[in-house]
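Hi there,

Here is the structure I promised to pass on. Have a look at it first, then read my notes underneath.

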Amino acid sequence: MIDDLTKVNPVTPATVLICLGARYSVGKFYTHAGCSLVALNPFQPLPQLYSLDAMKEYHCTSQPQECKPHIFLVAEQAYRNLQMELGNQSIIISGESGAGKTWTTRSLMKYYSTVAAPSTSQKGKDTVDRVKQRVLDSNPVMEAFGNACTSRNNNSSRFGKYIQLQFNSSQELVGAKIQTFLLEKTRVACPAPDEHNFHIFYQMMDGASEQERQEWHMPHDAQLSWLPNADRNLEDSFAETRDAMTNLGIDCQLQEQIFQVLAGILQLGNVDFSASDESRRCELQEQSKDFLQKAATLLELPTEELLRFLTVRPIRAGGEQRVLTKPCSQAECITRRDCLAKLVYARVFDWLVEFTNQSICAVSSTNFIGLLDVYGFESFKENNLEQVCVNYANEKLQQHFVRHFLKKQQEENIAEGLDQSFISYQDNQSCLALFEDSPNGIFSLLNEECRLNRRADPKNLELRLEKSLSGNPCMSRDKFDAMPHFIVSHYADDVCYQIEGMVEKNKDPVPPELIGLLRKSQKDLLSNLFAHDNKEQKKTRGYLKVITVVSKFKSSLDSLMDVLDSTTPHYIRCIKPNTACQPLAFEKEEVMAQLEACGIVESVKISAAGFPIRIPNAAFMKRYGLIANVKISSKQLSSLGSEASKRILGPAVRDILCIVLKRPPAPSDPHDRQPHSSLVHCGNTKVFITPAMLELLEAKRNQVFCRQASCIQRYWRRYCSRKQQQASQRHAATVIQAAVHSWLLRRDILKRHTAATCIQRVWRTWRATTETLGKAELVCSWPDDQARASSPANSPTEAGGGIPVVESQMSVSISAVEFPIRILNQAFVQRYGLIANWKSSSEELSSSGSEASKGILGPAVSDILCIVLKRPPAPSDPHDRQPHSSLVHCGNTKVFITPAMLELLEALRNQVLCRQASCIQRYWRRYCSRKQQVSQRHAATVIQAAVRSWLLRRDILKRHTAATCIQRVWRTWRLELMSPTVKSPPLPPGKHAGQGCSVLRVSSPRLLRRKIIKWQRASTIIQRSQTTRKRISVSLEAMMEAPGLNQMAGLKSTYQVKANQFEQGVASIRAYPQQSIDHPFRQSSLKFANVRPHSQADGLVGFNQILLEQA
């Protein structure tokens, strides 16, 4: 389906209408129309069409031309132009009332607040998020106070607004600014019968709490004249509006004052006056007194003064400027009441706009994207000054579109040398001249009537308009209509305007006494709103210049057009598909009228034949010069004149385009503006390209950027790698040097330590040897001394010590030998008895006496010491206390040893302990190993038993299957033999029926052959199931006719067939088992049941009738 109207062939209103209708019927509401987008209102909620996923899809796409038409696509193009530094952007949303302009503006604001790049810092990110939220919150506030439900639209904007979304240099949304135009404040006091007042009044009625409604004097059953059709439910909208006001910085106290003022305005609507004479002022009707009191209370104004200013007007007279009062008529009182209400509401609305701008406007911004949303073209049964301003604004926007897209594009094509034929389009300059010409324009004549100090005369104004503007083809009137009017032929349609009341609305009179009254209000909001008016009045005393509604609107609209002219416009044409606001209803006449009014068909024709994107050569080189590696600074570009720019930049632009289009280099002739194609055209000072060519340029630019970035990264990585490698090498060298130095130092210290240890060891050895030799010399002298002192009398001993007392000449030598360690024999044996495997309990040692201890422990001590000293065993004589040496001496009850001997004892004891511990460990490990082997054997036994059980069960199952098969065949055979066709032959000699043989008469040998084959299969199954690989053979004795024997001879089996031929031709068959059958079946009384014939290793195992009878 075509999504761009430029692809329609031919481009006619009918084909465009058919394309739009086909797309609308399948739910495709957006269609490209050249440089603009046609948006058909679906009149139904479509959340998936405007979801966050859809926003991300359009924002992150690298090829926008492949995306479906959408308002987000237009927004993304404007945002990317902002990123490409192509200047400020504007999106102009136009269309009739109810075409979806407000919803489109709201969706675009949400899109930009979502896709704006967040700040890198957390503080900056919070600031951006706060600004985004405030920008979005400004929308429900403006819609609540500026939108209303009309006969054509449920959410019609009754004011125009231009929202500037402000961005910084990083394209972050930093603020916004709202500019409003021509609020329809007459709706506050004079809503049409079939229409509603502003949304905020209905939100207050439905969404306020019971207490708030009591304070505002707005009960549910209140009958308010200025609140028609109060059956709308806007409770949720009121909560949303209050939350948005809170987020914008309007506190609860200020909100309460605003709502009280609005409630007071509604109370004024029920204040009515009764008619009276000119000499007396009008009196309030009886039911209106309470409403006036409520209004004065809510506005915090004195009730009497409010009534006096509504019913009496001052008049200045005389040279002394005396002030006189004159009672007002009933119509004048109502006019002053309505003027007060409209004035207060307009000031509150302007204050909200100003406060919102202060809350969301950025201090400094680089660029902006403007969203223009004005009420569309209007044509009602009765049209007055409001419709004149609205339709004039739409005419200006249409002229902007014609000038910037149609007319300017064609003129630029000619100036740049593009060959393009003219396309006729509708120019509305004559219609604009009808309004703007001076002094004979509609606006000039209206302002002149306002400046004249006389009562307005509609008939006179009609004659003046007809006389002054009769030569304009857009001006006409209906001669058959008696009411004063004039008809203007707008670009969209002919509209008839009523002149009655137009001059009064243009004057917009505001009695100064009412402003003074409001300035005296005790409510801070009202007093601040009108404080500035008093200063202006004092400053400009005397005759004031009349500032009319038309003058203010035209001035603000001119400033808006200046802003739009300085930006790059993007157009969204909203179309209302049907007048009933029904979903998926497409009225061709209604759509065709809007297409012709908007000039969409003409724009499609020019877009299809032209190049919508036009970039100056300087800007083109600045952005895409790197593709051809052309370096021209901004100063050089700005200093170049037109001719120099054409001479220098032209070839550079052509080189870039040749690279992108992959063509040979352009010729050197600057007048040859090649290359030209359907994608690009080189003009004199600009490059004309299509969106597809722009994407090719951007893709090539990104490719060059990536290549250059990769080159930079490559060199940077190489630099970092080299730097890191050098640092690593230096660090590694330092570590190696430190390790080598440490190793050398440790080796030196180790050598020194080894040398010191060696010296110490040698010194200790030498010292020990010296001491041992000296002690040995002393010990060697003991035998001579003992010989001389052999008698007991001459051999006194130390008490209990057993050490001989040597004579005086030996006293010096004996005193030199000392045994510092002395251990009782009992303790010695108890500790060191295991060296000699001596086993004696502590009780036995303690129970023995001294003599017994000496006789028992002495030899044990001697044996232990002999083992330690590696000497032969001591003699059996207990009195011989050998061994004695310089290390040990055995006394009667004690053992005297040196420290060296003690070390030997402890070392040998430790060896014995280690040996015994190793033995214990070895036996323990052997025990554990044997225990584990027993467990393994038990497990293996269990597994083997399980396997054997499974094999046995499988074998039994196979045997059971085979037996079942044989039984089934046997029963079948038996039934066949017992049939009437089978006769029993006479028994053979020596046989009788009780011997278990069955004699059968077979009618056919083929039956016998089939049965034998089945038996053979069953025998084979049993053969395979035998674990001992024994084979069962079945011996069959057959008695049949000769032909049957011939056939039986052809059977390939191990059956033994014996034939006994009788005259009757009957054969009897018997089964003889050839081997015993080991099977768990009960015995049978048949013959051969208990016979074990000869055994054959390879014979078949056969079953006889024993098995067959088990059934």
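Below is what turned up, starting with the whole protein and then going residue by residue.

One thing to keep in mind from the start: this is a predicted model.

**The whole protein**

The protein has 1111 residues, and 44% of them are buried. Its fold contains 37 helices and 23 strands. If you take the contacts between residues at least 6 apart in sequence, 69% of them join residues at least 24 apart. About 59700 Å² of the protein is exposed, with carbon and sulfur atoms supplying 53% of that area.

**The start of the chain**

Ile 2 sits in the segment before helix 1 (13–25). Its relative accessibility is 35%, so it counts as partly exposed. Leaving out residues up to four places away in sequence, Ile 2 touches Lys 7, Val 8, Cys 19 and Arg 23. Take the last of these: Ile 2 and Arg 23 are 21 residues apart in sequence, and their C-alpha atoms are 8.3 Å apart in space.

**Aromatic rings**

A pair of aromatic rings is described by the distance of the centres and the angle of the planes. The whole structure has 27 aromatic pairs. One of them is Tyr 50 with Trp 103, an edge-to-face pair with 5.5 Å between the centres and 80 degrees between the planes. Tyr 50 is in the loop between strand 2 (36–40) and helix 2 (52–60), while Trp 103 is in helix 4 (residues 101–115), so this pair ties together parts that are 53 residues apart in sequence. Is each partner buried or exposed? Tyr 50 counts as buried because its relative accessibility is 10%, whereas Trp 103, at 41%, counts as partly exposed.

That pair also belongs to a cluster: ring pairs link Tyr 50, Tyr 58, Phe 72, Tyr 79, Trp 103, Tyr 111, Tyr 112 and Phe 167.

Rings can have charged neighbours as well. Arg 308 lies over the face of Phe 309, 4.7 Å from the ring centre. Arg 573 does this with Phe 401, at 4.3 Å from the ring centre.

**Salt bridges**

Side chains of opposite charge can pair when their charged atoms come close. A search of the whole structure gives 27 salt bridges. Here are three of them.

- Glu 449 and Arg 464 have their closest N and O atoms 3.0 Å apart. The pair links distant parts of the chain, with Glu 449 in helix 16 and Arg 464 in helix 17 (residues 458–469), 15 residues apart. Glu 449 is buried, at a relative accessible area of 3%.
- Glu 462 and Lys 459 meet at 3.5 Å, N to O. Both lie in helix 17, three residues apart, which is about one turn of the helix. Glu 462 is buried, with a relative accessible area of 3%, but Lys 459 is partly exposed, with 40%.
- Arg 959 and Asp 955 meet at 3.1 Å, N to O. They are four residues apart in helix 34 (residues 899–977), so about one helical turn separates them. Arg 959 is buried, at 12% relative accessible area, and Asp 955 also counts as buried, at 9%.

Elsewhere, salt bridges that share partners join Arg 158, Glu 184, Arg 187 and Glu 195 into one network.

**A charge without a partner**

Asp 137 is in helix 5 (residues 122–146). What is the nearest side chain of opposite charge to Asp 137? That is Arg 134, 7.1 Å away, and Asp 137 is buried yet has no salt bridge. Setting aside neighbours within four places in sequence, Asp 137 is in contact with Ala 244, Asn 247 and Leu 248.

**Backbone oddities**

Most residues other than glycine have a negative phi, and most peptide bonds are trans. These spots go the other way:

- Leu 182, in the loop between strand 7 (173–181) and helix 6 (186–189), has a positive phi near 50 degrees.
- Leu 584 has a positive phi of about 60 degrees. It lies in the loop between strand 14 (568–575) and helix 23 (588–598), and its 48% relative accessibility makes it partly exposed.
- Ser 438 and Pro 439 are joined by a cis peptide bond, with omega about 10 degrees. Pro 439 is in the loop between helix 15 (429–436) and helix 16 (442–451).

Cheers

Key:
Residues are numbered from 1 along each chain as its sequence is written. This is a predicted model: local features need pLDDT of at least 70, side-chain atom pairs count only at pLDDT 80 or more; totals for chains, interfaces and linings use all residues. Side-chain values use heavy atoms; hydrogens and water are left out. Helices (H or I, at least four residues) and strands (E, at least two) are DSSP runs, numbered from the N terminus. Buried means under 20% relative accessible area, exposed over 50%, partly exposed in between (1.4 Å probe, protein chains only). Contact means heavy atoms within 4.5 Å. Accessible areas come from the Shrake-Rupley method with a 1.4 Å probe; for residues, only the protein chains shown count as cover. Lys and Arg count as positive and Asp and Glu as negative; His and the chain ends are not counted. A salt bridge is a side-chain nitrogen of Lys or Arg within 4 Å of a carboxyl oxygen of Asp or Glu. Rings of Phe, Tyr and Trp (its six-membered ring) pair if their centres lie within 6.5 Å; planes under 30 degrees apart count as stacked, over 60 as edge-to-face and the rest as tilted. A charge sits over a ring if NZ of Lys or CZ of Arg is within 6 Å of the ring centre and within 35 degrees of the ring normal.
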